[in-house]
Amino acid sequence: MLVAVGGDGTVNEVVNGIAGRTGVELAIVPRGTGRDFVRTYGISHRLDCAIHTALDGRTREIDLGRARFRSWQGETREAYFANIASAGMSAAIAKRANETSKALGGRASYLWATVAVFAGWRTAEISVEANGEVRRSPMHLVVVANGRYFGGGMMITPEADPDDGAFEVLVIGNLTKRDLLLTLPKTYFGRHLPHPKAELLRAAKVEIEAEGPLPIELDGEQPGTTPVRFEVVPRALRLRVP
């Protein structure tokens, strides 16, 4: 058993170290800012409860996502993610949140970053191919989800099932300020869907391209830009859960 003490970035780094290795079981003691990965599985943020899960919990085999993208240096790279990946505005929000003070906690940090980035963001012409279906239009972001939560507690994909062999792919179009103000609070309760400017797809393979390089994020980390290809790696992680 490997016990990771930290937040989503720690989980991401550990997963990239153990992916493909058999016989390794991961337990998590949540710390850090967002702590979104553990929310899907009901792993407690309380230290004593998390340790109890690590010692006496059950094992669940879950999928991982694998991304093939362009690094900031222009090279083709591959990396895994355990929770949620995205392209577009959400990646810029994650970067902004990571660079600011976390004194007010994860939710406040991501809320402030969302408002600040949205104020200056412009949509891009994005093409999304999900299991052969193509969507092409001006978009703010595309979410490719294995888990349900990101952004410090937003239940962005309420129906995501991390061991069903498919991603929930949320395509978000050209939002107005009014759209953001009305919809953002609902994301914390998973009540933002359906929405006239969003579409939810399911796919095991997803490809995203844009008219220019767009930043991507994997579990809140920002390793590079589009074009990017995501694919499910079925039941690739053994996770200790309550």
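F81 sits at 0% relative accessibility and so counts as buried, where buried means under 20% relative accessible area, exposed over 50%, and partly exposed in between, with a 1.4 Å probe and protein chains only. This is a predicted model, in which local features need pLDDT of at least 70 and side-chain atom pairs count only at pLDDT 80 or more, while totals for chains, interfaces and linings use all residues. Residues are numbered from 1 along each chain as its sequence is written, and side-chain values use heavy atoms, leaving out hydrogens and water.

Now for the aromatic rings. The structure holds 3 aromatic pairs; rings of Phe, Tyr and Trp (its six-membered ring) pair if their centres lie within 6.5 Å, and planes under 30 degrees apart count as stacked, over 60 as edge-to-face and the rest as tilted. F37 and Y41 make a tilted pair, with 5.1 Å from centre to centre and 55° between the planes. F37 is buried at a relative accessible area of 2%, and Y41 is buried too, at 9%. F81 and F230 form an edge-to-face pair, with centres 5.8 Å apart and planes at 85°. F81 belongs to strand β4 (residues 76–81) and F230 to strand β15 (residues 221–241), so this pair ties together parts that are 149 residues apart in sequence. Strands (E, at least two residues) and helices (H or I, at least four) are DSSP runs, numbered from the N terminus. F230 is also buried, with 0% relative accessibility. Together with F167, F81 and F230 make up one aromatic cluster.

Next comes strand β8. This strand covers residues 141–145, and 5 of its 5 residues are buried. Both of its faces are covered: L141, V143 and A145 are buried on one side, V142 and V144 on the other. So what does β8 pair with in the antiparallel sense over 5 bridges? That would be strand β5 (residues 84–88), given that two strands pair if DSSP finds at least two bridges between them. Within this pairing, S86 stands opposite V143 of β8. Strand β11 (residues 167–172) also runs antiparallel to β8, and 5 bridges join them. Here V142 has V171 of β11 as its bridge partner.

Over to the start of the chain. V3 lies in strand β1 (residues 2–6) and is partly exposed, at a relative accessible area of 42%. M1, V3 and V5 form a nonpolar patch on the surface, sharing about 290 Å² of accessible area. Patches are made of residues with over 30% relative accessible area and no salt bridge, joining like charges within 9 Å and nonpolar side chains (Val, Leu, Ile, Met, Phe, Trp, Tyr) within 5 Å. A salt bridge is a side-chain nitrogen of Lys or Arg within 4 Å of a carboxyl oxygen of Asp or Glu. Accessible areas come from the Shrake-Rupley method with a 1.4 Å probe, and for residues only the protein chains shown count as cover.

G7 is found in the loop between β1 and α1 (8–18). Is G7 buried or exposed? With a relative accessible area of 10%, G7 is buried. Leaving aside neighbours within four places in sequence, G7 is in contact (heavy atoms within 4.5 Å) with R31 and G32. G7 and V38 are 31 residues apart in sequence, and their C-alpha atoms are 9.0 Å apart in space.

Finally, P185 is part of helix α5 (residues 177–187) and is partly exposed, at 44% relative accessibility. P185 and N16 are 169 residues apart along the chain, with 32 Å between their C-alpha atoms.
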